[in-house]
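Biologist: I'd like to learn how to read a model like this one. Could you walk me through a few features?

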Amino acid sequence: MKTKYNVKIVHLLSQPDEVENQSIKSISQLKKYGFKYTSHINRPYNEEPPVENCVRPQDIRPEPGGNSLTGRHYGCYLAFRNAIEKEFTEDLDFFIICERDAFIEVPYQKFMGIFNHCCEFINNNQIDYFSFGDRRSLVTGELLSEILDPQDKIACLTNKFYCCHMIMFPKSIRLELLEMLQTEKWDVADLFFLRVFTDRKKKFGITKQRIATQLDGESLINKRMILNSRNETIGKQLLSLYEKVPITIKNVKKINKQDSTSITFLYNPKVEIQGSSPQDYYIEFFDPIENKIIYADKIKTNHWVVCNRQWFTPWEIRINGKTVHKYNASGQNILVSFESSAMGDNIAWIPYVEEFRKQHNCNVYVSTFWNELFKDEYPNLNFIKPGSIVHNLYASYVIGCFDDDTLCYKNKDCWRKSTLQKIASDSLGMEYKEIRTKVHPSNLPRPIPEKYVCISERATQWAKEWRYLNGWQELIEYLNSNNYKVMVISKEPTSLKNIINQTGRPIQETVNNLYHSEFYIGLPHGPSWLAWALNKPVFMIGGYSMNCEFVSGNTRILPPEGTCTSCFHDTKLLFNRSLEACVYYKDYECNKKVTTQMVIDAIQKTNIIPSK
């Protein structure tokens, strides 16, 4: 079955990633069914948006959050506008715009049957603006779009819809739509269309059951990861911050006979006023520790306001000068999500989740990427997989390292100047002290009867790796000469000689290999954190970073004084996560100038292997 109509699809893309690849694969298939398909590449708009033709100039701010409008929101508007002005030609019967994360979730033959029916429905009912998406919020499941005409089995007239991941305009609205874009003040795309079409009393239509949805992934507008909570989609496999979590709001209170307020602490504190009165409400987010108002705003009924700060604060919420709620997590469900999948990050952060649970006497759900390492040692935490749904949440927090967080909304302090564990204690509102993580040792037998040392020569960046010529091989020869076998436990393969090759093994075997070793020699990387959690002495080579790792049980082997070091901590430079990055262009001298003898001297100084 092919389309009966002359239809063009414009796919709004921005940067190649897994989300866009899946979306392109899904939407471009419609070419086989008679659709014209083209894509527009729109790079993220990072400049200050124009104030003079904005419908909400008071909401323009440098960072997203709440009702804020940023350059990214303006870029979204421009992407839709450019697509319409350049591609919606007069010969088309229908014009479709798909966002970068749009995904068709029904078989294509079924989609075509529904699509052709919807086109007839639009023409018969003079509909101006149509969506193939969901009538419910993808965030909370709340019903947003009402069915105004229930007679048709597939499509319906509706009062409104918000998401724009797959929308369609008929040719009858083309000239007026072009005029709207020329004369109406801008807003983010979905709110622009909702406002203008509502003001002009245009007709909205939507499928009763969605046939297109959004993939999970990074929102380039809000610069954070999002999840579609309404479905198990392909994007659930992506690393994410689990932002869209279905909840049951408990903090609902009557303000007066007409109005009520609901208060949540899901990542950001949020206050919503619902009701029918014309009254204005002045909302204050007060931090009792700092003894000051962090953010305040005036809103009307059926509006909400959010404070951008995401790290833990024992908020007091004030409405019109009166305290209506004080944060109290005792006995409540709390979600803590780890943004990073790196093993070292997960090991560093987990003890502070347990401390938070004990301090607040709450029921904590924690989402990590290495649950199997922790669940036996932290039995009072509820370990869940990334992307799992948690209901009845009182509050939720994300622990991560956010490169774009220049205003410290997500990290309390610049994470590149902090210890890795302090990132977690700051996010959860606790005074920092180093806590050694507990990792459950494997029940597997000892791998070999002889004494042995574990090493791992690889890291996620070359700047972390020990690059002294033949350094690892010379160190192996030294250890062998002192009656120690050497076991290589990296995930990546090795070409080192005279070793026990245990590379690429399952994590349970790696834990067992480390647990039975005498000590560990490595880098500022995950296996060093794992060895430390198993109470093994650690010798850490290199000067890429100086103060973000653990201190106890860690012998640092740094390059000679005067060597280029610590580029990781230089926040004047953008953090470069690429494999080969050496941001000062000094040929990795922070690691290359650490000699084999320097490592041997450090080992002998601890008397683990006495000097001869």
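Modeller: Happily! Let's start with a hairpin in this predicted model. Strand 15 and strand 16 form a hairpin with four residues between the strands, and Asn 291 there takes a positive phi near 55°.

Biologist: In which sense do strand 15 and strand 16 pair, and over how many bridges?

Modeller: Look at the direction of each strand, then at the bridges. Strand 15 pairs with strand 16 (residues 292-300) in the antiparallel sense, over eight bridges. To find your place, note that Tyr 282 stands opposite Lys 298 in strand 16.

Biologist: What about strand 15 and strand 18?

Modeller: Those two are antiparallel as well, with four bridges between strand 15 and strand 18 (residues 316-319). Here Ile 283 faces Ile 319 of strand 18. Strand 15 (residues 280-287) is mostly covered, with six of its eight residues buried.

Biologist: Now a helix, please. How far does helix 3 reach from its first C-alpha to its last?

Modeller: Compare the reach with what is expected at 1.5 Å a residue. Helix 3 (residues 108-125) has 18 residues and spans 25 Å, close to the expected 26 Å. Its buried residues include Phe 111, Met 112, Phe 115 and Ile 122. Just after helix 3 comes Gln 126, with a positive phi of about 50°.

Biologist: One last residue: is Asn 554 buried or exposed?

Modeller: Check the relative accessibility against the cut-off, where buried means under 20%. Asn 554 has 13%, so this residue counts as buried. You will find Asn 554 in strand 29 (residues 554-557). Leaving aside neighbours within four places in sequence, Asn 554 is in contact with Val 538, Met 540 and Glu 549.

Definitions and conventions: Residues numbered from 1 in each chain as written. Predicted model: local features only at pLDDT ≥ 70, side-chain atom pairs only at ≥ 80, totals over all residues. Heavy atoms only, no water. Expected span 1.5 Å × (residues − 1). Buried < 20%, exposed > 50% of the residue type's maximum accessible area, 1.4 Å probe, protein only. Pairing = 2+ DSSP bridges. Contact = heavy atoms within 4.5 Å.
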